[in-house]
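User: I would like to go through this model with you, beginning with how its helices pack.
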Amino acid sequence: MYRVLWIDLAEERFWEEEVGDEEVKRFIGGKGFAAKLLYEHLPPLVEPLSPENLLIFAAGPLTGTPAPSSGRMCASSKSPLTGTIFESHCGGHLGYELRKAGYLAVAIKGRAEEKVYLRISPDGVEFESASQLWGLGTRETERTIKREPGWERSSIACIGVAGERLVRFASIIHEGHRAFGRGGLGAVMGSKNLKAIAVKGSGSIKLAHPAEFKRKVRECYAKLAQHPTTGKTLKLYGTPNVLAKVNYVGLLPTRNFTDGVFEGADSISGEAMVKHVTSSYGCYSCAIRCGKVVEVGGVSTTSLEYETLYALGSNVGVAELSWVVKFNELCNDLGMDTISAGATIAAYLEKCSRYGDAAWGDGEKIAALLEDIAHRIGEGEALAEGSARALPEYSISIKNLELPGYDPRGAKGVALAYATSNRGACHLRAPVYIEEILTQSVDRRKSKGKAKLVKEMQDFHAALDSLILCKFTARALAAQDYAELFSFATGIEFTREELLLAGERIFNLERMFNLREGFSKHDDTLPKKLLTQPIPSGPSQGMVAELEILEEYYSLRGWSSEGVPTQEKLRELGLG
């Protein structure tokens, strides 16, 4: 039996609800269970920054177990940036502590009358004043809470100044550098006058079939060690390993997607970064250890990822690794999503360049803009709303979420995955970029088979994000492996087919949430620039984005031509 901890900030009270095995089998946990809670408990058309919105932190049934890379959990809400249902994932140890405290999820409602932070343990919830924490950066916030007797070894998620000022792409930060990064969930926290949550557990996570689970875990670790990506490349370079490859095929977003090849790519690539790596690290029970601590020019940063190197590197014209390191540190401490921050600044710089005030590559200017956005000062006041609201003519976004670092003009499956992602532009809900761009196991220029590939990936990754295990494990493990891990951990019999069906159920439930909020087929599209302006140079020169397979995708999903799940499909999924 699993438990959900409900917290009402306005009334300073909490209670628990039990979750039965049938619900766990249907929605698994993590992303799936958060989607169920939001659909059932959040009234339609709630303003995301109002007290009525919910903020959910959810682990999965594999979180905190010895399963490989099981240290992840998700935060979920209605996004103030996109207006869609939204979940963002984070590694580290927070999910492990939450499970040890006895909870699968925490659901937070209301708005505190005064600034607060929460202390969660097996004994319940303590509501503590955050007046002394308000205005602090994320690292100092965490250090301050950990000075409290008995909470020195707790796990903490908190917001920085950006979340306090309700920046629409503010992040929630854990361990000073890990982020529930996208969608502005840090602003939801700030709107609730909630600075942080600290969690400490004391119990153990029980396994239904420990011997079988241990055997399966050993098998999975062996597969991960033998795979070239999880066993070698990610260990050595982390996610920046892909930058040179993406640039090579001409799909590295450059200067707000005005090109696909960046002349300074070699200076900010994984190969350049690895020369400055001082140490590597991993999340709880990590089998890969892709995290890198990087020091350049006397400035050190942790969690320097590919998406940051794109968004605050090539996309703003910066070719100096030292500047990207500084930008990453600023965003971690201020609590801002590096993708949306970089993409919003890129839109602003393109607008400036149209009027003869080009500042591409100006590190001082970009650093100042990041500070101004977080504090909502000067130009930052408008930019804090995100590129779609502040600069619609120049915004490269889908459902108001700025694009990640793979130009969809040169990859048919990536284009469809971006357009149909429930949370807006996202490469992780169906990582077809791996097959099209990185391994090139399918032809990125052709549409045949891509609708089926995207649909199957979305369902599979919805299940994986509910278990929750790191997505990198999917490079070496298959659906059967995850189904067996789930079965041995929970004692609930779960086949490969049931796992994929649960993923499809979760994806459709998210779609129904968005339809209820007013989204439609017309939102399953791409930015006008990418549909009309060809890539001007490089290996993908002349390519534009196309969505000619959208109708085929709808049909494969059992949706109407308007993108609405049919009653037959909903009954099939048990959502009728």
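Analyst: One convention is needed beforehand: angles of 65 to 115 degrees between axes count as roughly perpendicular. Please also note that the model is predicted.

User: At what angle do α2 and α20 pack, and how far apart are their axes?
Analyst: Helix α2 (residues 30–41) packs against helix α20 (residues 450–467) at about 90°, and their axes lie 4 Å apart. The two helices are therefore roughly perpendicular to each other.

User: Which residues meet there?
Analyst: From α2, Gly30, Lys31 and Gly32 meet Ala462, Asp465 and Ser466 of α20. By class, this contact comprises 1 nonpolar, 3 polar and 2 charged residues.

User: Changing topic: is β12 enclosed or open?
Analyst: Strand β12 (residues 194–199) is largely enclosed by the rest of the structure, because 6 of its 6 residues are buried.

User: Which strands pair with β12, and in what sense?
Analyst: Strand β7 (residues 116–121) runs parallel to β12, joined by 5 bridges. Strand β9 (residues 155–158) pairs with β12 in the antiparallel sense over 4 bridges.

User: What stands opposite Arg119, and what is the bridge partner of Ile156?
Analyst: Arg119 stands opposite Ala198 in β12. The bridge partner of Ile156 is Ala198 in β12.

User: How many disulfides are found?
Analyst: A search of the whole structure finds 0 disulfides. For Cys158, the nearest cysteine sulfur is that of Cys90, 11 Å away. Cys158 has 0% relative accessibility and so counts as buried.

User: Why is Cys286 not bonded to Cys283?
Analyst: Their sulfurs are 5.7 Å apart, which is too far for a bond, since a disulfide requires sulfur atoms within 2.5 Å. Cys286 counts as partly exposed, at 24% relative accessibility.

Conventions:
Residues are numbered from 1 along each chain as its sequence is written. This is a predicted model: local features need pLDDT of at least 70, side-chain atom pairs count only at pLDDT 80 or more; totals for chains, interfaces and linings use all residues. Side-chain values use heavy atoms; hydrogens and water are left out. Axes are lines fitted to C-alpha atoms, for helices over the stretch in contact, and angles run from 0 to 180 degrees between N-to-C directions. Angles under 35 degrees count as roughly parallel, over 145 as roughly antiparallel, 65 to 115 as roughly perpendicular and the rest as oblique. Contact means heavy atoms within 4.5 Å. Ala, Val, Leu, Ile, Met, Phe, Trp, Tyr, Cys and Pro count as nonpolar, Asp, Glu, Lys and Arg as charged, and the others, Gly among them, as polar. Buried means under 20% relative accessible area, exposed over 50%, partly exposed in between (1.4 Å probe, protein chains only). Two strands pair if DSSP finds at least two bridges between them.
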